[in-house]
Amino acid sequence: MSAGPETVAPTARGAMLYDASRCDQPDERIFTHGYWLAGGSLQQITGGRGTVAFIDDGERRWVLRHYRRGGLVARLLGDRYLWTGANRTRAFREWRLLRELRSAGLPVPAPVAARYERGGLFYRADLVTTELPTRRTLAHALADGPLDARTWRAVGACVGRLHAHGVHHADLNAHNLLLGDDGSVYVVDFDRGRRRPRGAWEQAVLERLRRSLRKVTAGRPVGRFDDAAWQDLLRGVKDV
């Protein structure tokens, strides 16, 4: 499905941004777990810094994410962010970035709707995207067993495509890369991501990914992630 018009609608305490071709009846209840749970459409909720819920109502397969802070600041602010304008909210920025990346043919989820709710100097935010063909993360795959050179090169090629389009993923790790049964690779969670001129930041992204791969394979049997695997990944990056 091609992207529809970008539309903004006011809500009780803020506004929502949505793709009219995917969300033709704007209703901010779509951002609440209770709404989907009442209709029997809430499939699964996963934890982490951003709470993610999978939605399936027979017609739509969506992913709902509520933005939450990580690190020490989370103890103070939790899921609140400083208000600096609607277009600077995390949800609106990620929604629009995903829209650009989908238009460029990159393997990312399609944005459906985004919302912010204001409260004094702060706001809270949510994002709805379409579900990708797989939920199997690179971290899950490595927990199951070693990967072959072709898979590592496919992962690298996916990262290379992002960088070729000037896409800086702010937190590229083994949990944000998804592997399809057909060998395809997808990327999720573009919170704080942006497009920028190519440069030294690309190496920093790769190093962050390398640290994540070492972390998720620590204590696993030998061969889950080693220098040979990393070199295969880098070959994939360079092949783009």
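What follows is a walk through this structure, taking in two helices, the cores, the aromatic rings and a few individual residues. Keep in mind that the model is predicted.

Let's start with helix α6, which covers residues 201-217. Does its length make sense for a helix? What span should its 17 residues have, at 1.5 Å a residue? They should span 24 Å, and the end C-alpha atoms are 25 Å apart, so the two agree. Its buried residues are Trp201, Glu202, Val205, Leu206, Leu209, Arg210, Ser212, Leu213, Val216 and Thr217. Notice that Glu202 and Arg210 are on that list alongside the leucines and valines. What do these buried residues pack against? Their partners are α4 (138-144), α5 (149-164), β9 (167-168), β10 (177-179) and α7 (227-239). Once you're just past the end of α6, look for Gly219, which takes a positive phi of about 85°.

One of those partners, α7, deserves its own look. You can run the same length check here: 13 residues at 1.5 Å each should span 18 Å, and the end C-alpha atoms of α7 are indeed 18 Å apart. Buried along α7 are Ala229, Trp230, Asp232, Leu233, Leu234, Gly236 and Val237, and what covers them includes α5 and α6. At the start of this helix, a side-chain oxygen of Asp226 comes to within 3.3 Å of the backbone nitrogen of Ala228.

Right by that spot there's a ring pair to look at. The whole structure holds 8 aromatic pairs. In one of them, Phe225 and Trp230 meet edge-to-face, with 6.1 Å between centres and 85° between the planes. Are these two residues buried or exposed? Phe225 counts as buried because its relative accessibility is 14%, under the 20% cut-off. Trp230 is buried too, with a relative accessible area of 3%.

Now for the cores. In soluble globular proteins, nonpolar side chains tend to be buried together. Here the largest nonpolar core has 47 residues, and the members that touch the most others are Leu138, Trp152, Leu177, Phe190, Leu213 and Leu233. You've already met Leu213 as a buried residue of α6 and Leu233 as a buried residue of α7. Leu138 shows how sequence-distant pieces come together: setting aside neighbours within four places in sequence, it is in contact with Leu147, Trp152, Val155, Ala174, Leu177, Leu179 and Leu213. There's also a second, separate core of 15 residues, with Ile30, Ala53, Ile55 and Leu64 among them.

Back to the rings for a moment. Tyr81, Trp83, Phe92, Tyr116 and Tyr123 form one aromatic cluster. Two arginines also sit over rings. The charged end of Arg60 is over Trp62, 4.9 Å from the ring centre, while Arg135 lies over the face of Phe54 at 3.9 Å from the ring centre.

A few single residues are worth a click. His168 is in strand β9, and at 17% relative accessibility it counts as buried. Its side chain makes a polar contact of 3.0 Å with the side chain of Arg196. Beyond four places in sequence, His168 touches Gly193, Arg194, Arg196, Trp201 and Val205; Trp201 and Val205 are among the buried residues of α6.

Next, compare Met16 and Ser103. Met16 is found in strand β2 (residues 14-19) and is buried, at 2% relative accessibility. Its C-alpha atom is 9.6 Å from that of Ala125, although the two are 109 residues apart along the chain. Ser103 belongs to helix α3 (residues 90-103) and is exposed, with a relative accessible area of 63%. Ser103 and Ala3 are 100 residues apart in sequence, yet their C-alpha atoms are 8.0 Å apart.

Finally, have a look at the loop between β11 (185-187) and β12 (194-195), where Asp189 is located. Asp189 isn't a glycine, but its phi is positive, at about 65°. Arg192 is in the loop between β11 and β12 as well, and its phi is also positive, near 70°. At 45% relative accessibility, Arg192 counts as partly exposed.

Terms used
Residues are numbered from 1 along each chain as its sequence is written. This is a predicted model: local features need pLDDT of at least 70, side-chain atom pairs count only at pLDDT 80 or more; totals for chains, interfaces and linings use all residues. Side-chain values use heavy atoms; hydrogens and water are left out. Helices (H or I, at least four residues) and strands (E, at least two) are DSSP runs, numbered from the N terminus. The expected span of a helix is 1.5 Å times one less than its number of residues. Buried means under 20% relative accessible area, exposed over 50%, partly exposed in between (1.4 Å probe, protein chains only). Contact means heavy atoms within 4.5 Å. A nonpolar core is a set of buried Ala, Val, Leu, Ile, Met, Phe, Trp, Tyr and Cys residues joined through side-chain atoms within 4.5 Å. A polar contact is a pair of N or O atoms within 3.5 Å; within protein, one must be able to donate a hydrogen and the other to accept it, and residues adjacent in sequence count only if both atoms are side-chain atoms. Rings of Phe, Tyr and Trp (its six-membered ring) pair if their centres lie within 6.5 Å; planes under 30 degrees apart count as stacked, over 60 as edge-to-face and the rest as tilted. A charge sits over a ring if NZ of Lys or CZ of Arg is within 6 Å of the ring centre and within 35 degrees of the ring normal.
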